[in-house]
Amino acid sequence: MSLVLVLSFAPVSYSRTQPAREKLDAQVRDEFMHAWNGYKKYAWGHDDLRPLTKTHHDWYGQSLLMTPVDSLDTMIVMGLNDEANTTREYIAKNLSFDKDIYVQNFEITIRLLGGLLSSYQLTGDKRLLDLAEDLGNRLLPVFDSPTGMPYRFVNLKTGKVRGAESNPAETGTLLIEFGTLAKLTNRPIFYEKAKRALVETYKRRSDIGLVGEKINVETGKWLVSDSHISGAIDSYYEYLLKSWLLFGDQDCKRMWRESIASVNKYLAEAQVDRGLWYGHADMNSGTRTATTFGALDAFFPAVLALSGDLRRAKSLQASSFRMWQLHGIEPEELNFRTMEVTSAGYVLRPEIVESTYYLYHYTRDPKYLAMGKVLFADFVRYCKTEEAYASLKSVVTKEKRDTMQSFVFAETFKYFYLLFATPAGFNFDQVVFNTEAHPIRKTW
Ligand code: DMJ
């Protein structure tokens with residue numbers, strides 16, 4: 001299939017007026033507090049709030065304070081100082097990783113390790129760094145596979161591992177957190193293990209430079225050869241770029257540059273009437289396997305913009321916004337050739353907001369503020385509940401679902417806020433956001 005990059009297509013329409021930025025940042029903070037108060041009232045001390053039944057949920061039967069840790073740096077960035085101090089004290093006094101439970105290395109790394117490190121940097125509270133180091137130590141056994149790529153699960157008490165069938169997102173989205181931990185504790189082992197995992201994933205790319213969707217970390221063999229930028233691969237690419245930027249790692253720079261060339265060659269698809277999208281292709285032949293794109297893929301304009309490719313970033317962001325506007329809120333996935341929804345849920349995902357923020361930062365084009373205003377109004381209209389926020393079972397029917405994942409605090413509200421605010425002392429160009437939107441500063 002020949003791919004022609006066409007950058008002009010039907011203009012995005014903004015039905016609502018240009019926003020006053022300052023008023024919107026206060027509204028975002030209010031909505032954050034609305035959801036946070038719901039969590040505190042019904043789920044305090046637990047991982048997540050179930051917003052419809054107003055009960056709590058712990059991922060592994062015992063709480064790891066997923067929501068408080070994921071939320072803390074957002075409170076700090078928003079200037080919610082009392083709330084942040086109370087939450088920080090609670091975490092420092094109550095969070096313990098000495099638990100006989102198997103946890104998913106990827107999720108724990110991006111949410112908890114990333115959250116603790118970021119909040120440590122923002123507050124200087126050494127107790128948070130100590131927690132991060134304890135967690136890092138307990139996660140380290142995941143890397144003891146024959147290839148160096150991590151197992152998916154580890155028991156925090158025994159160090160036993162399981163889950164040899166993994167994917168590039170889980171094997172390659174660790175270096176920002178483990179690398180930062182290495183720098184802050186002067187223990188290079190954390191950097192070396194996570195870097196090796198990333199490199200070993202990259203080394204197994206196909207002859208045309210793509211990675212697949214599922215890999216066995218013991219044999220190093222691919223189990224699924226479908227390639228894309230969606231879930232199970234997405235943040236692997238993000239971390240190649242960001243690890244270069246955060247650590248100045250020249251291997252990551254080279255791996256990013258080679259990878260993005262293949263992604264643009266085989267996964268991008270642009271037509272005059274449809275605009276730019278990224279679909280699926282077989283990692284070995286480059287043959288198109290699916291023309292789907294979704295809420296998770298909407299992170300890619302941010303990555304493209306960060307890499308300097310504003311041309312593609314703007315085009316893809318316009319496509320993401322078309323996806324959002326189809327039903328007034330984005331579906332998990334659609335077919336971009338037919339514009340039919342193929343997976344109708346919305347779990348409060350942040351990626352499209354993140355990309356809007358990056359594009360506004362780099363272009364200062366007010367159309368991205370207007371876009372953000374539309375996203376925020378729809379988000380509130382369809383997802384707000386009496387006492388919190390809820391996912392949607394279907395963006396078509398707008399029926400709600402009883403989940404509110406911690407990333408709504410870590411990412412969705414944070415990116416909305418940063419789009420509309422200029423927090424004192426917060427400088428986009430001095431931080432790298434991990435994939436859970438925890439800002440990390442290069443202090444070493
Ligand atoms: C988050 O946990 C992270 O952004 C991850 O990289 C992808 N999925 C969710 C948000 O949608």
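This passage describes the nonpolar cores, one helix and the ligand surroundings of a predicted model.

A good place to start is the interior. In soluble globular proteins, nonpolar side chains tend to be buried together. In the model at hand, the largest nonpolar core comprises 139 residues. Within this core, the residues with the most contacts are Leu-64, Tyr-278, Phe-300, Phe-379, Met-404 and Phe-413. Phe-379 gives a helpful view of the packing: with neighbours within four places in sequence set aside, its contacts include the aromatic residues Trp-324, Tyr-346, Tyr-389, Phe-413 and Phe-416. Ile-329, Leu-348 and Val-408 also touch Phe-379, as do Lys-384 and Thr-412. A second core, separate from the largest one, is made of five residues, among them Tyr-151, Ala-164, Ile-215 and Val-217.

Helix H5 spans residues 126-139, 14 residues in total. From first to last C-alpha, H5 reaches 20 Å, close to the 20 Å expected at 1.5 Å a residue. Its buried residues include the leucines Leu-128, Leu-129, Leu-131, Leu-135 and Leu-139. Ala-132, Gly-136 and Arg-138 of H5 are buried as well.

Turning to the ligand, the residues around it are Ile-110, Arg-111, Leu-296, Arg-349, Pro-350, Glu-351, Phe-407, Glu-411, Thr-435 and Glu-436. Polar side-chain atoms approach ligand oxygen atoms from several of these residues: Arg-349 places one 2.8 Å from an oxygen, Glu-351 has one at 2.8 Å from an oxygen, and for Glu-411 the distance to a ligand oxygen is likewise 2.8 Å. On its own, the ligand has 300 Å² of accessible area, and the protein covers 92% of that area.

Conventions
Residues numbered from 1 in each chain as written. Predicted model: local features only at pLDDT ≥ 70, side-chain atom pairs only at ≥ 80, totals over all residues. Heavy atoms only, no water. Core = buried A, V, L, I, M, F, W, Y, C linked by side-chain atoms within 4.5 Å. Buried < 20%, exposed > 50% of the residue type's maximum accessible area, 1.4 Å probe, protein only. Contact = heavy atoms within 4.5 Å. Helix = DSSP H or I, 4+ residues; strand = E, 2+ residues; numbered from the N terminus. Expected span 1.5 Å × (residues − 1). Near = heavy atom within 4 Å. Polar contact = N/O pair within 3.5 Å; in protein donor to acceptor, adjacent residues only side chain to side chain. Areas by Shrake-Rupley, 256 points an atom, 1.4 Å probe, with all protein chains shown as cover.
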